[in-house]
Amino acid sequence: DRLDDVLAAVLACWGADPVQHSGPFYDVPLSDVRPKPVQQPRPPLMSGMWSRRGLERTARLFDIWAPVEGAVVSDGTTQLTEERILQEVDWLRRRAEDLGRPAPQLWVNVGASREIDEQVERVSSWRATGVVDQVTVSLGSSTTIRGEDDWIERASSLDRVLDAAQG
């Protein structure tokens, strides 16, 4: 589909010149394409997809799976819970092995809508699982942030989250 084709086109452009790609949606005529990525052989590809089709694509093409814990999934009611993420990362690792490629790293985002105390608890919980490669914490969209002073206070309280990450 379209995402697979655009990824193939981008990966071709990041490869050795001359590059060429002909797909169902995108064509790159025989070209020299510059600049090339500094990271070689290419920058890591990160996916946040969690549908079965998206997870299959992640296992096939991506280097990092970065779900947002607490995101509402397609049925509109179920949240992407720690339990579900752990089930899916287990599936991703088995599928990547079946495909003969390295398993994507797991980077979990504990979500911006949580307050600091809950973020500290979630970071600690993820650290305890032993399966996560990186935990990210978003600052934005908290219901208590209303202005500049709130942003400063929020940023200054992140040391608690860092302490939880370091154990």
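**Charges and a pocket, read together**

Biologist: Let's start with Arg-34: does that residue count as buried or exposed?

Modeller: Arg-34 counts as exposed, at 60% relative accessibility. Buried means under 20% relative accessible area, exposed means over 50%, and partly exposed is in between, using a 1.4 Å probe and protein chains only. Bear in mind that this is a predicted model, where local features need pLDDT of at least 70 and side-chain atom pairs count only at pLDDT 80 or more, while totals for chains, interfaces and linings use all residues. Residues are numbered from 1 along each chain as its sequence is written, and side-chain values use heavy atoms, leaving out hydrogens and water.

Biologist: How many salt bridges does a search of the whole structure find?

Modeller: For a salt bridge, a side-chain nitrogen of Lys or Arg must be within 4 Å of a carboxyl oxygen of Asp or Glu. The search finds 16 of them here.

Biologist: Which residue forms a salt bridge with Arg-34?

Modeller: That is Asp-17, with the closest N and O atoms 3.5 Å apart. Asp-17 sits in the loop between H1 and strand S1 (19-22), and Arg-34 in the loop between strand S2 (27-31) and strand S3 (46-47), so the pair links parts 17 residues apart. Helices (H or I, at least four residues) and strands (E, at least two) are DSSP runs, numbered from the N terminus. Asp-17 also meets Lys-36 in a salt bridge (2.9 Å, N to O). Both Asp-17 and Lys-36 are partly exposed, each with a value of 25%.

Biologist: And which residue meets Arg-57 in a salt bridge?

Modeller: Asp-4 does, at 2.8 Å from N to O. Arg-57 lies in helix H2 (residues 52-61) and Asp-4 in helix H1 (residues 2-14), so the pair ties together parts 53 residues apart in sequence. Arg-57 is buried, with a relative accessible area of 6%. Arg-57 and Asp-4 belong to a network of salt bridges that also links Asp-1, Arg-53 and Arg-60.

Biologist: Where does the charged end of Arg-52 sit?

Modeller: A charge sits over a ring if NZ of Lys or CZ of Arg is within 6 Å of the ring centre and within 35 degrees of the ring normal. The charged end of Arg-52 is over the ring of Trp-91, 4.4 Å from its centre.
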